[in-house]
Amino acid sequence: MTDNSIGRRTLLIATGATAATLTVGATVQDSPTAADQVPAAAAAVCTLTKEMTEGPYYLDGQLVRADIHEDKTGIPLKLTLTVVDDDTCAPLADALVELWHCDALGEYSGFVGGNGHDEPDNGRFLRGGVLTGSDGVARITSVYPGWYRGRCVHIHVKVHTDVTLTADGSFEGGQELHTGQLFFNETVTARVARVPVYAANTVTRTTLAQDGIYDDGGAASGLLTLTALGSSTTAGYAGSLTLGVETS
């Protein structure tokens, strides 16, 4: 799980009118009204950066849906991810942005027990994705991830194009353009870790600085810009990032 194999691709940092939303580094904004800001893909500055390892917990055939949290308790997380072509900065429409991550106890659906906690496992919680709109934007609702042994808090992400939606609500086929991970500001994570549902995780938390995969590259390595959704930690956060992918 500390495989540092790195590929070329991903991530553009937005500038211009929405630069405050996508500031390079671990920006945290406390104004609730800022949560509704959307990255402007057309204003992005193209910057190639690293892909991250897929890890051992990927499952094929997940649902296409905007809310992946199901019945999992945790701090609300509203993600706005913008996909653009890394050469032209043009927004990429109809790209499937797929996410998967662990719950507050560090357990992945389909692999419950791997982090030492016993809970129901339906094989699909905290997994799924959506197609981007004409503006390249994918909006997904989840909960703030927990952590598991040896890794900092993170979310896995893949970007696919030309997928076919299936009758069972999933997808198939297409081309996988990007595999990466999304990371979280350590100050915010420390606050989250004190909330009871996360504090129940019995595994020692690995910090961002201690992680063997995150390379301290800020937004260029997948560090989300977080915006508080309210005055308390439990109100949740909005997370935003612009992903630049190679389309050819």
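## Buried strand, salt bridges and aromatic contacts in a predicted model

Tyr57 has a relative accessibility of 15% and therefore counts as buried, the cut-off for that class being under 20%. The structure is a predicted model, and Tyr57 serves here as the entry point to its aromatic contacts.

**Aromatic contacts.** The count of aromatic pairs comes to eight. One of them joins Tyr57 and Tyr108 in a stacked arrangement, with 4.2 Å from centre to centre and 15 degrees between the planes. Tyr57 belongs to the loop between β3 and β4, while Tyr108 belongs to the loop between β5 and β6, so the pair ties together parts that are 51 residues apart in sequence. Tyr108 is likewise buried, because its relative accessibility is 1%. Ring pairs extend this contact into a cluster that comprises Tyr57, Tyr108, Phe111 and Tyr148.

**Salt bridges.** The structure contains eight salt bridges. Three of them, each with its closest N to O distance, are tabulated below.

| Basic residue | Acidic residue | N to O distance |
|---|---|---|
| Arg65 | Glu70 | 2.8 Å |
| Arg124 | Glu70 | 2.7 Å |
| Lys72 | Glu119 | 3.2 Å |

Glu70 takes part in a salt bridge with Arg65 and in another with Arg124. The pair of Glu70 and Arg124 links distant parts of the chain: Glu70 is in the loop between β3 (49-50) and β4, and Arg124 is in the loop between β5 (96-100) and β6 (127-131), 54 residues apart. How exposed are the residues of this group? Arg65 counts as buried at 16% relative accessibility, whereas Glu70 counts as partly exposed at 22%. Arg124, at 42%, also counts as partly exposed.

Lys72 and Glu119 form a salt bridge as well, with their closest N and O atoms 3.2 Å apart. This pair again links distant parts of the chain, since Lys72 is in the loop between β3 and β4 and Glu119 in the loop between β5 and β6, 47 residues apart. Lys72 is buried, with a relative accessible area of 14%, and Glu119 counts as buried at 15%.

**Charges over rings.** Lys72 also lies over the face of Phe125, at 4.1 Å from the ring centre. Lys158 is placed over the face of Tyr58, at 4.9 Å from the ring centre. In addition, Lys158 is linked with Glu54 and Glu176 in a network of salt bridges.

**Strand β13.** Nine of the nine residues of β13 (residues 237-245) are buried, so this strand is largely enclosed by the rest of the structure. In a regular strand the side chains alternate between the two faces of the sheet. In β13, Tyr237, Gly239, Leu241, Leu243 and Val245 point one way, and Ala238, Ser240, Thr242 and Gly244 point the other way, all of them buried. Which strands pair with β13? Strand β4 (residues 76-85) pairs with β13 in the parallel sense over nine bridges, and strand β12 (residues 225-228) is joined to β13 by four bridges in the antiparallel sense. Tyr237 of β13 is the bridge partner of Leu77 and also of Ala228.

**Confidence.** The mean pLDDT of the protein chain is 83, and 80% of its residues reach 70 or more. Over residues 1-44 the pLDDT is below 50, and this stretch has 127 contacts in the model beyond near neighbours in sequence. Where pLDDT is low, the predicted coordinates should not be read in detail.

Technical notes. Residues numbered from 1 in each chain as written. Heavy atoms only, no water. Buried < 20%, exposed > 50% of the residue type's maximum accessible area, 1.4 Å probe, protein only. Helix = DSSP H or I, 4+ residues; strand = E, 2+ residues; numbered from the N terminus. Pairing = 2+ DSSP bridges. Salt bridge = Lys/Arg side-chain N within 4 Å of Asp/Glu carboxyl O. pLDDT = per-residue confidence, 0-100. Contact = heavy atoms within 4.5 Å. Phe/Tyr/Trp six-rings, centres within 6.5 Å; stacked < 30°, edge-to-face > 60°. Lys NZ or Arg CZ within 6 Å of the ring centre and 35° of its normal.
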